[in-house]
Amino acid sequence: MNDLIAKFEEQEGIKVNVVYASTTFEDDMKVKMASDSIPDVFSTHGWSVLRYGPYLEPLNDQPWAEFVNPGLKNVMYDEEGNIFALPLEYGTTGMLVNYDLLEQANIDAEKLSTWDDFNAAMKTLKDELGITPFTASGKDSNAGDIGNFLASGNFTEEQKKQFQDGTFDPALWQEGVTDLVEQWQKEGYFNPDFVSASLDDMSRQLADGSAAFALSWPFVVNTAYEYNPDANLGFIPIPGMEEPYLVGGEGVSAFGVSKTAQNKDAALAFVNFLAEPENAEPLLDSMGAYSGLTNVEVDLGEMQPSFDKYVAPGNVPTQPFFDRVYLPNGMWNSIITTTDGVINGQLSSSEASEQMKAQFDTLYGQQ
């Protein structure tokens, strides 16, 4: 990004003042929205429609708009068909896997279509290879990813509509999310160092063959290859209640332009500059991220086969991140804490679901 900004400044003669996001970014943006002091350009990080839409300039008439990946239609366009951010990154992922471990246990990754299939595979890996089947991190919000990704594919369309309409059935959440997590916890499928483990530790465990599965992002696999270039890793569709699926949507590298930007023409010029393939490609290469624009080709290295097999053809359904579409704003932290509580044994499945309901009712009322 620094290199691209320097190139833009030299090319256009426009100065870009940059503030890089911290862990308080969301809270900082809420303060800026409330005080009408929104930056000219900012990362919408998955919320360009539901949270920031009223504050953003529609970008349908920008030169890159015709190349937006069709998979983003359900999450980046409002009901009138407006798009409010440049989706440089199409954040999509599945179940991360160590193929060599599956092969050693005679498990066919292509046949892990249901949770029964997956649970049977984890039992085989633990019993026959003596490994921890599933690695997770008690840091870096990974517990939230686990709960959120499970929710994305474990409810019917009718059940999802209940959430949107303001009804949170704790029994439904328990059946679709926390019961599954609790089963894995009781069977000893999670890594013993979960509480202290980081995403980097997850990468190491996938790389050295001490874990076979993870629910996280492709960059975890990219990091794993740095530890073991000979590893055989990738991702497969996540097993589902009805069919396997991927999860995806607007990534962190999505940039919108404020309706009230003091330098709107310059802001639009900068966003359009980032969308040019010769600029977008090196940024996405450095992130190991899939492109949100169909005219931008990215070299994803060792992850390329997984994207080519499951994402590019479009034959595996991509479900949106559950909290962004079906839960009120603020529920992300609740997913993290309740899923974490089940994994570390501090909460039962039912207790976690009841906590989710209490927070849902509070936040939905405020919404």
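## Close-up views of a predicted model

**Figure 1. Aromatic pairs.** The count of aromatic pairs comes to 28. One of them joins Tyr90 and Tyr290, whose ring centres are 6.1 Å apart and whose planes stand at 50 degrees, so this pair is classed as tilted. Tyr90 belongs to strand S3 (residues 90-93), while Tyr290 sits in the loop between helix H12 (277-287) and helix H13 (304-311), so the pair ties together parts that are 200 residues apart in sequence. Both Tyr90 and Tyr290 are buried. The structure shown here and in the other views is a predicted model. Elsewhere, ring pairs link a cluster made up of Phe155, Phe163, Phe168, Trp173, Phe322, Tyr326, Phe360 and Tyr364.

**Figure 2. An arginine over a tryptophan ring.** Arg51 lies over the face of Trp47. The distance of Arg51 from the ring centre is 4.5 Å.

**Figure 3. The nonpolar cores.** The largest nonpolar core has 108 residues, and those touching the most other members are Trp64, Met95, Phe134, Trp173, Trp184 and Phe213. Helix H11 (residues 264-275) contributes seven residues to this core, the most of any element. A second core, separate from that one, has 10 residues, among them Phe25, Met29, Ile38 and Leu56.

**Figure 4. Surroundings of Met95.** Which residues does Met95 contact, leaving aside neighbours within four places in sequence? Met95 is in contact with the aromatic residues Trp115, Phe118, Phe134, Phe213 and Phe235. The other contacts of Met95 are Ala214, Leu215, Gly234, Ile236, Pro237, Ile238 and Pro239. Two of these partners, Phe134 and Phe213, are also listed with Met95 among the core residues that touch the most other members.

**Figure 5. The sheet S1-S8-S2.** Three strands form an open sheet in the order S1-S8-S2, and their pairing is antiparallel. Strand S1 (41-43) and strand S2 (86-87) are the edge strands, each with a single partner strand, so one side of each has no neighbour in the sheet. S1 and S8 run antiparallel and are joined by three bridges. Ser43 has Phe255 in S8 as its bridge partner. Helix H11 lies across S1, S2 and S8, and runs at about 160 degrees to S8.

**Figure 6. Gly256 in strand S8.** Gly256 is placed in strand S8. The relative accessibility of Gly256 is 0%, so this residue counts as buried. Not counting residues up to four places away in sequence, Gly256 touches Asp40, Val41, Phe42, Thr44, Leu56, Phe84 and Ala85. One of these, Leu56, is a member of the second nonpolar core. From C-alpha to C-alpha, Gly256 and Pro170 are 36 Å apart in space, with their positions 86 residues apart in sequence.

**Figure 7. Ser253 in the loop before S8.** Ser253 lies in the loop that runs between strand S7 (246-250) and strand S8 (254-257). Is Ser253 buried or exposed? With 9% relative accessibility, against a limit of 20%, Ser253 counts as buried. Residues up to four places away in sequence aside, Ser253 touches Leu86, Pro87, Leu88, Glu89 and Met287.

**Figure 8. The sheet S3-S7-S9.** A further open sheet of three strands has the order S3-S7-S9, with mixed pairing. S3 and strand S9 (318-320) stand at the edges with a single partner strand each, so one side of each is left without a neighbour in the sheet. From one strand to the next, the twist averages 35 degrees. S3 and S7 pair in the antiparallel sense over four bridges, whereas S7 and S9 run parallel and are joined by three bridges. Tyr90 stands opposite Glu250 in S7, and Val247 stands opposite Gln319 in S9.

**Figure 9. The two faces of S3.** In a regular strand the side chains alternate between the two faces of the sheet. Strand S3 is covered on both faces. Tyr90 and Thr92 are buried on one side, and Gly91 and Thr93 are buried on the other.

**Figure 10. Ser306 in helix H13.** Ser306 is found in helix H13. At 5% relative accessibility, Ser306 counts as buried. The residues touched by Ser306 are Tyr99, Gly234, Phe235 and Val311, not counting those up to four places away in sequence. Gly234 and Phe235 are also in contact with Met95.

Conventions:
Residues are numbered from 1 along each chain as its sequence is written. This is a predicted model: local features need pLDDT of at least 70, side-chain atom pairs count only at pLDDT 80 or more; totals for chains, interfaces and linings use all residues. Side-chain values use heavy atoms; hydrogens and water are left out. Buried means under 20% relative accessible area, exposed over 50%, partly exposed in between (1.4 Å probe, protein chains only). Contact means heavy atoms within 4.5 Å. A nonpolar core is a set of buried Ala, Val, Leu, Ile, Met, Phe, Trp, Tyr and Cys residues joined through side-chain atoms within 4.5 Å. Rings of Phe, Tyr and Trp (its six-membered ring) pair if their centres lie within 6.5 Å; planes under 30 degrees apart count as stacked, over 60 as edge-to-face and the rest as tilted. A charge sits over a ring if NZ of Lys or CZ of Arg is within 6 Å of the ring centre and within 35 degrees of the ring normal. Two strands pair if DSSP finds at least two bridges between them. Axes are lines fitted to C-alpha atoms, for helices over the stretch in contact, and angles run from 0 to 180 degrees between N-to-C directions.
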